[in-house]
Amino acid sequence: MTRRCDRNRKRSKRRPIYCPMHGCYMDSASRKHTLFADKPEHLQQRGMKRLSALTLIQNYTAVPLTDEWLEAFWCQDCQTKSWYHVRRQENLQSQGVKYHYELSIAPESLWRQASGVIQPGGNPSVGEFTRRAARDSRYQGVRGFGVIG
Ligand SMILES: [Zn+2]
């Protein structure tokens with residue numbers, strides 16, 4: 001059986017995103033759908049302290065998760081397009097910052113936290129966030145789950 005795996009092809013501009021099943025490079029097949037936390041538990045699950053999480057959700061209704069999103073990828077080996085929950089991690093190395101991407105098949109429940117998704121009922125809190133953030137110039141986003149000043 002011939003593997004069409006192209007993991008070893010050097011293309012520096014591509015994000016190093018590989019099929020969890022085959023380890024093959026995958027081509028992006030959609031735009032990124034940013035994930036939002038709209039419940040304090042979403043932030044707590046990601047390591048934020050309960051009080052900070054409660055305060056943030058109270059103030060902003062929904063908070064974008066800057067290093068997580070939903071995106072579709074095409075795998076040549078699978079010959080399928082699948083939606084993945086992508087989590088980006090920064091790795092500090094001697095050559096500078098390198099990104100590491102962790103992929104898992106996107107569970108249905110995550111779509112409720114995604115932006116730009118057309119679905120019945122939509123996600124009112126994500127729209128509400130956008131309006132509030134536009135008014136609040138101090139808003140910096142949540143990065144690495146530090147506390148916003
Ligand atoms: Zn595959």
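This is a short tour of the structure, one selection at a time. Keep in mind that the model is predicted.

**Stop 1: the whole chain**

Begin with everything shown as a cartoon. You should find three helices and five strands. Following the chain along its sequence, the elements come in the pattern β-β-α-α-β-β-β-α. The protein has 149 residues, and 21% of them count as buried. Among contacts between residues at least 6 apart in sequence, 57% join residues at least 24 apart.

**Stop 2: strands E3 and E4**

Next, select residues 63-75, which make up strand E3, and residues 80-93, which make up strand E4. The two strands pair in the antiparallel sense, with eight bridges between them. For one pair to look at, pick glutamate 68: its bridge partner in E4 is arginine 87.

Now move to the turn. E3 and E4 form a hairpin with four residues between them. Click on glutamine 79 in this turn, where phi is positive, at about 55 degrees.

While you are here, select aspartate 77, which also sits in the loop between E3 and E4. Is aspartate 77 buried or exposed, or something in between? It counts as partly exposed, because it has 15 C-beta neighbours inside 10 Å. Add cysteine 19 to the selection: it is 58 residues from aspartate 77 in sequence, yet their C-alpha atoms are 8.7 Å apart in space.

**Stop 3: on to strand E5**

Keep E4 and add residues 96-105, strand E5. These two strands run antiparallel and are joined by ten bridges. Here too there is a hairpin, with two residues between E4 and E5. To see one facing pair, select glutamate 90 and tyrosine 99, the latter in E5.

Then step past E5 to proline 107, in the loop between E5 and helix H3 (124-135). Proline 107 is exposed, because 9 other C-beta atoms lie within 10 Å of its own. Show tryptophan 83 as well: it is 24 residues from proline 107 in sequence, and the C-alpha to C-alpha distance is 8.9 Å.

**Stop 4: the nonpolar core**

Time to look inside. In soluble globular proteins, nonpolar side chains tend to be buried together. In this model, the largest nonpolar core has 22 residues. Select Leu35, Phe36, Ala37 and Val63, the residues with the most contacts inside this core. Which elements give two or more residues to it? They are strand E2 (33-37), helix H2 (50-60), E3 and E4. The largest share, six residues, comes from E3.

Zoom in on alanine 37 and look for its contacts beyond the neighbours within four places in sequence. They are His42, Leu43, Ala62, Val63, Leu65 and Gln113.

**Stop 5: the two faces of helix H2**

Finish with helix H2, residues 50-60. Colour its buried residues, Ala53, Ile57 and Tyr60. Turn the view to look down the helix axis: the buried residues fall within an arc of 90 degrees, so they line one face of H2. Now colour Leu51, Gln58 and Asn59, exposed residues on the face turned away from the buried side.

For a last click, go just past the end of H2 to threonine 61, which takes a positive phi of about 70 degrees.

Technical notes
Residues are numbered from 1 along each chain as its sequence is written. This is a predicted model: local features need pLDDT of at least 70, side-chain atom pairs count only at pLDDT 80 or more; totals for chains, interfaces and linings use all residues. A residue is buried if 20 or more other C-beta atoms lie within 10 Å of its own, exposed if 12 or fewer, and partly exposed in between; C-beta atoms are placed from the backbone. Two residues are in contact if their C-beta atoms, placed from the backbone, lie within 7 Å. Two strands pair if DSSP finds at least two bridges between them. A nonpolar core is a set of buried Ala, Val, Leu, Ile, Met, Phe, Trp, Tyr and Cys residues joined through C-beta atoms within 7 Å. The arc is that of the directions from the helix axis to the C-beta atoms.
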